[in-house]
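Trainee: I have a structure open and I'd like to talk it through with you. Could we start with one residue and work outwards from there?
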Amino acid sequence: MKQFRRILMAAAALALLALPGFAQDRAPVALAGGPAARGFHFLRCLRAADLTDSQKADIKAIVEAARPTLQKDHQTIVADRQKLSADIQAGADKCVIGQDALNVHADQQALQADLKSVKDQIVTKLTPDQQNKVEGCLAAPRGMGMGPMGRGLFN
């Protein structure tokens, strides 16, 4: 479960950082078909919204403005996870390990809040029709081409 959370958070952060590529009607090479592309379905759904050039520019500006915060959130999570792992390996007191775990959890919550803020800012740039298209895309079942049923890790 911890590994899943780590992958999901990293995928979400990487996917958000790649938003300008999606807004320009092309998938970034680093995310094409990778877990980050699957983990943050919202970005793909923006493509269904038929964004105008002005909207693409606005979304790119939102993402660029958020990038330092998201990178800092990610670095904090990595550092606190490394501390947790080191404390576990060193046989630290359970209280120390517990506090480390609480710190990691708080870091993840902060990243999720920052990602939600960016998503909310992006949604305000969409028309009601575009918002409906994105919501419809998000609600639609999605396969990942991983076997006959198209079921994968994030379904």
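Mentor: Let us start with Asp100, and keep in mind that this is a predicted model. Asp100 is buried, with a relative accessible area of 4%, and its place is in helix α6, which covers residues 94-124.

Trainee: Which residues is Asp100 in contact with, leaving aside its neighbours within four places in sequence?
Mentor: With those neighbours set aside, Asp100 is in contact with Lys83, Leu84 and Asp87.

Trainee: And what about helix α5, how many residues does it have?
Mentor: Helix α5 runs over residues 53-89 and has 37 residues, which at 1.5 Å a residue should span 54 Å, and because its end C-alpha atoms are 52 Å apart, the expected span and the model agree.

Trainee: Where in α5 does a kink lie?
Mentor: The kink lies at Arg67, shortly before the proline Pro68, and comes to about 40°. Just after α5 there is also Gly91, which takes a positive phi of about 75°.

Trainee: Stepping back a bit, how many helices and strands does the protein come to?
Mentor: The secondary structure comes to 7 helices and 0 strands, so that reading along the sequence gives the pattern α-α-α-α-α-α-α.

Trainee: New topic, cysteines. Which ones form a disulfide?
Mentor: Cys45 and Cys137 form a disulfide, with their sulfur atoms 2.1 Å apart, and the count for the model comes to 1 disulfide. Cys45 lies in helix α4 (residues 41-47) while Cys137 lies in helix α7 (residues 128-139), so the pair ties together parts that are 92 residues apart in sequence.

Trainee: Is that disulfide left-handed or right-handed, and why?
Mentor: The torsion about the S-S bond of Cys45 and Cys137 is about -75°, and therefore the disulfide is left-handed.

Trainee: Are those cysteines buried or exposed?
Mentor: Cys45 is buried, with a relative accessible area of 0%, whereas Cys137 is partly exposed, at 21%. There is also Cys95, which is exposed, with a relative accessible area of 64%.

Trainee: And for the whole protein, what percentage of the residues count as buried?
Mentor: Of the 155 residues of the protein, 35% count as buried, and the accessible surface comes to about 9,000 Å², of which 58% belongs to carbon and sulfur atoms.

Trainee: Last one: what share of the contacts with a separation of 6 or more comes from residues 24 or more positions apart?
Mentor: Residues that are 24 or more positions apart account for 68% of the contacts in the protein with a separation of 6 or more.

Key: Residues numbered from 1 in each chain as written. Predicted model: local features only at pLDDT ≥ 70, side-chain atom pairs only at ≥ 80, totals over all residues. Heavy atoms only, no water. Disulfide = S-S within 2.5 Å. Helix = DSSP H or I, 4+ residues; strand = E, 2+ residues; numbered from the N terminus. Buried < 20%, exposed > 50% of the residue type's maximum accessible area, 1.4 Å probe, protein only. Contact = heavy atoms within 4.5 Å. Areas by Shrake-Rupley, 256 points an atom, 1.4 Å probe, with all protein chains shown as cover. Expected span 1.5 Å × (residues − 1). Bend = angle between axes of the 7 residues up to and from the residue.
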